[in-house]
Amino acid sequence: MFDPQHSYPKCPQSQVTHTGNEDVSRRLAETFLMDLGEEWVADRGFDATALSSDDNGVPPTVMWSILPEVVDALRNGCPVVALESTIVAHGMPFPGNFSLASDVADLLRSKGVVPATIAIKDGVFRAGLHQDEILDLAKAGEEGRATKCSTRDLPLIGAKLSANRRGGEEGVLWGATTVAATMRLAHLANIPTFVTGGTGGVHRGGERTMDISTDLVELSRTPVVVVSAGVKSILDIRKTLEVLETYAVPTGVWRSNEFPAFFSPQSGVRSPARFDCADEVASSYLKGLDLGLQSGTLVAVPNDDPAGQSVEDSIQEALKEADERGIVGNDITPFILKTVADMTRGDSLRSNMSLVKSNAVVGADIASAISKQMNSQCCGFSSSPERPKVVCVGGAVMDIVATSSKDQGMIAGTSNPGQIRTSDGGVARNIAEVLGRLGSRPTFYTAVGHDHDGLISRLNHCGVITENSVFRSSKYSTARYAALLDHRGDLVAAVSDMDCLQCIPVPPSAEDLVGVEYLVLDANAPADSLVRAAKNGVEAGAKVCFDPTSVPKASLLTKSSDFLSCLSYMFPNTDELYAMARALDDWVEPCGSETSLVEYASSCLLGNMREKACLVITRGHRGLLLATKSDDIISYHDLQAEKIDAITSSNGAGDTLCGSFIHAKLEGASDTQAAEFGQSTAKSSLLYSEGAISPDLDNLKYEKMR
């Protein structure tokens, strides 16, 4: 799935490997997502040579091809609407299908929305088609070059069409995606709104035949807003709504209390819910993401150009004929629509085209509302008159910590008895929690997935503000970190799954940071975002603080002189200190004691930081080293660590130190006083076994301890 901020690695010629705990259907689909196209590949950071032809002159298979217009819209947070391709290839005869597709695209663009027709072209999974491609797709159905493709068919059709292309088969072959398949691919492309004619449902007599559309299953597991004229009129509306209720799919009608019957706005069936404006739909959809729900939302738009009872009578006759001729499954809907169109002399076709356009108008408004609300969640502070004094930007992570048994210790290469716990983590999240518990009420910028399981709400309960500052990704799962600790509580190894953190937003301008005294950054956001945030912080008059997070991330950011020159405070451990100093252009490896090495590395870094700057260096059992620069004079101050015999975990101690230090500075402490307070509060995390940050901080305040 496309994400405009993610930096992908160079792609091998014939394979893209994905990891994570995605469901089976998604993995199967992604296995066969093919050629991106050179423009998209270059834009996403792939090496364009990965698309060079193989020995047969055919480009190697990669993943997606997304129209540049769609890429730009997604990158800039502009509304995009997905459109299915089955309605073009099989929904109506040529040239009416091409005319409808063109009209719908024009309608969307007139409302500031980018259309993205979803299809499979010669094995390439597409999001957005050029006009000449839509024309070819419109002809392909009658020419036998388009295969109807539901979710289960994505890997099958993708592989088959790709093989045909590699075999040199003449002509363009298409996979025309149904509602279900379009939903899935739209979600993979990060497009939250999809407009169609009608959705599938439970067929009449479905209690006997079990003929239930995959559309309902996909609605239950794919978070996309589907705008349609309700379920197709050949189906059992009551039973369809029962199944949607069972699958927990939010379902409502646009400005009506009665569920429509596709061609007619009346069905005699009451709607489960009602939507009176696009903002209601957008708020409902986004609230579902907040709750971690996987389901889509169905918005049924009553047909404002009903075809009348004659169409319903014709449908009954066509159903009877289909039954007599044994037409079932994927073939029944195209047969019914064509037969009814013939019987009604085009009335049903005219009504069908009209309702699709009507749905497009509503869908455009919903897409715009979703885009607006999602953008507002990522930018700016709360409308509250109280502005924060401290802003934290960085990772929110679900921590999984395994600690080996004290009786046996850690034995490498085998299973070890011990305890495993799950808790909230992430460097900036931990620092924000510390500040919140101490009463400093920070604002926290971060990104989470749809599966964040209350990660943000628990932070709110600690006094952290997250209104309008959390990006909720529909693509990535929430970041996770798995740590292995030995029986002493020391880190042995760790694994991180942090793709979601590439979406971390930052305060968009210096104006948004006016009044902020401390801007705290960890190294989890993209480097260019961190540089931009640091510059905004300095321009706004804030002191910029940086926690390096890890050795690789620390050294990467040190290479940016623009970033270092913005920093007033850094909180590295000794390994991170050395890594950052060695990444400097003027570094020369010194000789001497460990103390001299630490002081030399500190002086090198301080020389690149603000005029007045401070390094708070953690050294494990040896305590802290405070290295400060003022008027180009560097001084060092050792703070010995208190001996603690029963350390439970060191996982959140550094973050507690950092948050407590900044809290004390907000209360007027000197650097030394703030470091002493940080040491005293860090002890609570060393003794706390249930998470990174101890709730005992609720009872501590700097002014009560000095």
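Welcome to the tour, which begins inside the protein: the lining of the largest cavity has seven nonpolar, two polar and one charged residues. Keep in mind along the way that this is a predicted model.

**Stop 1: the cavity**

Select Lys232, Ser233, Ile234, Phe262, Phe263, Ile315, Thr333, Ile336, Leu337 and Val340, and you have the residues that line the largest cavity. Its volume is about 60 Å³, and the count of cavities of 30 Å³ or more comes to one. Which helix gives the largest share of the lining? Colour helix 14, residues 332-343, to find out: four lining residues come from there, the largest share.

**Stop 2: the whole chain**

Zoom out now and switch to a cartoon view. The chain holds 24 helices and 24 strands. Of its 706 residues, 57% are buried. If you look at contacts with a separation of 6 or more, 74% of them are between residues 24 or more positions apart.

**Stop 3: two helices side by side**

Two packed helices are described by the angle between their axes and the distance between the axes. Select helix 8 (residues 179-188) and helix 10 (residues 214-221): their axes come within 8 Å and cross at roughly 25°. Angles under 35 degrees count as roughly parallel, so helix 8 is roughly parallel to helix 10. To see the contact, show the side chains of Val179, Ala180, Met183 and Arg184 on helix 8, and of Thr214, Asp215, Glu218, Leu219 and Arg221 on helix 10. Colour these contact residues by class and you get four nonpolar, one polar and four charged.

**Stop 4: an enclosed helix**

Next, select helix 21, residues 574-582. How many of its nine residues are buried? Seven are, so helix 21 is largely enclosed by the rest of the structure. The buried ones are Thr574, Glu576, Leu577, Tyr578, Ala579, Met580 and Ala581. Now bring back the surroundings: the cover over these buried residues includes strand 20, helix 19, strand 21 (567-570), helix 22 (594-606) and strand 22 (613-618).

**Stop 5: backbone surprises**

Most residues other than glycine have a negative phi, and most peptide bonds are trans. Here are three places to compare with that rule.

- Go to Pro95, in the loop between helix 4 (86-89) and helix 5 (96-110). The peptide bond from Phe94 to Pro95 is cis, with omega near 10°.
- Move on to Thr549, in the loop between strand 20 (543-547) and helix 19 (551-558). Although Thr549 is not a glycine, its phi is positive, near 75°. Thr549 is partly exposed, with a relative accessible area of 23%.
- Then select Asp632, in the loop between strand 23 (624-630) and strand 24 (633-639). Its phi is positive too, near 65°, in a residue other than glycine. Is Asp632 buried or exposed? Turn on the surface: with 73% relative accessibility, Asp632 counts as exposed.

**Stop 6: a buried loop residue**

Finish at Ser405, which sits in the loop between strand 13 (397-404) and strand 14 (418-425). Buried means under 20% relative accessible area, and Ser405, at 18%, therefore counts as buried. Which residues does Ser405 touch, not counting those up to four places away in sequence? Show Pro417, Gly418 and His487 to see these neighbours in contact with Ser405.

Conventions. Residues are numbered from 1 along each chain as its sequence is written. This is a predicted model: local features need pLDDT of at least 70, side-chain atom pairs count only at pLDDT 80 or more; totals for chains, interfaces and linings use all residues. Side-chain values use heavy atoms; hydrogens and water are left out. Axes are lines fitted to C-alpha atoms, for helices over the stretch in contact, and angles run from 0 to 180 degrees between N-to-C directions. Helices (H or I, at least four residues) and strands (E, at least two) are DSSP runs, numbered from the N terminus. Angles under 35 degrees count as roughly parallel, over 145 as roughly antiparallel, 65 to 115 as roughly perpendicular and the rest as oblique. Contact means heavy atoms within 4.5 Å. Ala, Val, Leu, Ile, Met, Phe, Trp, Tyr, Cys and Pro count as nonpolar, Asp, Glu, Lys and Arg as charged, and the others, Gly among them, as polar. On a 1 Å grid over the protein atoms alone, a cavity is a set of points where a 1.4 Å probe fits but cannot get out, and a pocket is an open set with protein on both sides within 12 Å along at least five of seven lines; lining residues have an atom within 4 Å of a point. Grid points are joined across faces, edges and corners, and a volume is the space filled by probe spheres set on the points. Buried means under 20% relative accessible area, exposed over 50%, partly exposed in between (1.4 Å probe, protein chains only).
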